[in-house]
Amino acid sequence: MKKILTYLILFLLGFFGYKGISIIYNKFFKNRKSNIEGNIKLNLKKEDKVLSALVYSAIGDFSHTDAIKAFKVEIRKLGVLNNWNLQFSNDPNLFNDKDLKNFDVIIWNNSTGNTLNKKQMNSFENYIENGGGYVGIHGAGDNSKDWKWYYNVLLKAKFTHHPNMKYQFQSGVLEKKCTSSFTNCQRLPAKWEREEEWYFFDESPQRNGSNIIYNLNEKSLLLGDINEDGAPISKMGKDHPIVWTNCVGKGKAFYSAMGHKGKYFLEPLHMDLIKSGILWASDKSTECN
């Protein structure tokens, strides 16, 4: 009986001792690294030209948690298949003049709100205008950032509202507008019907010099009378870009307003479009036009 009691005490001490150590580790050490998920460096060959990208998913406002997780899974697959060097991090300290030079393109994966300070914003602006690449996905183009350069220069547009309060997610028809200068433009379908949480913007980026990849046909949507703020729905009409590119100094910017739900990244065509945007924005061998 004494032996059994002794073994039981030792077991409990060992279990709770291990558990206590685990709690301390998770609280004080593991969480410090939670923003930096590490690098993917698979199948790298010296003779291959490797694309280097930072995937930034920091949340400062609305959280597209499901979409962020799904995109990470799918972009990892693309990284392996295409021999890309990907780093996943939500650490804003990477936005400095030295570290940003390590990347051909920065992918803002539904990153919302004010996640960078003024100095970090300036470093990112310098990075883009001196030849860096940007890819923005859905929430990265919302109106939650206090950053004029980001909207006026990088995106050339700012989200204002959704088309219908009752039908937040609905099918819409996209019409291709891109030219051969965009990667894989010829392979993209001329018309593309899909479900999305569609974005309306303060004005069309095309008026500010953007090159449109896909335009949304508003006639394919059920438009409401008022938006989520109670104001009358402001239609964009025939000029309603959803995917476009910009030339920013020596740099390149690609933005797609699609990607609210995680399941949208399981669409092969959607991921193929994003892949094309990444290749286009990271390519320094051709001038932006």
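**Salt bridges across the model**

At 22% relative accessibility, Glu267 counts as partly exposed, and this residue is a useful place to enter the structure, which is a predicted model. The side chain of Glu267 meets that of Arg194 in a salt bridge, with 3.1 Å from N to O. Because Arg194 belongs to strand 8 while Glu267 sits in the loop between strand 12 (251–256) and helix 6, this pair ties together parts that are 73 residues apart in sequence. Arg194, with a relative accessible area of 4%, is buried. The pairing is also part of a network, since salt bridges that share partners join Arg194, Glu196 and Glu267.

Helix 6 takes part in another such contact, for the side chains of Asp272 and Arg187 form a salt bridge at 3.5 Å, N to O. Here Asp272 lies in helix 6 (residues 268–282) and Arg187 in the loop between strand 7 (170–176) and strand 8 (191–196), so that the pair ties together parts 85 residues apart in sequence. Arg187 counts as exposed, its relative accessibility being 56%.

A further salt bridge lies within a single helix: Glu74 and Lys77 are three residues apart in helix 2 (residues 65–82), and therefore about one helical turn separates them. Their closest N and O atoms are 3.3 Å apart. Of these two partners, Glu74 counts as buried at 14% relative accessibility, whereas Lys77, with a relative accessible area of 45%, is partly exposed.

The pairs described here are among the nine salt bridges that a search of the whole structure finds.

Key
Residues numbered from 1 in each chain as written. Predicted model: local features only at pLDDT ≥ 70, side-chain atom pairs only at ≥ 80, totals over all residues. Heavy atoms only, no water. Salt bridge = Lys/Arg side-chain N within 4 Å of Asp/Glu carboxyl O. Helix = DSSP H or I, 4+ residues; strand = E, 2+ residues; numbered from the N terminus. Buried < 20%, exposed > 50% of the residue type's maximum accessible area, 1.4 Å probe, protein only.
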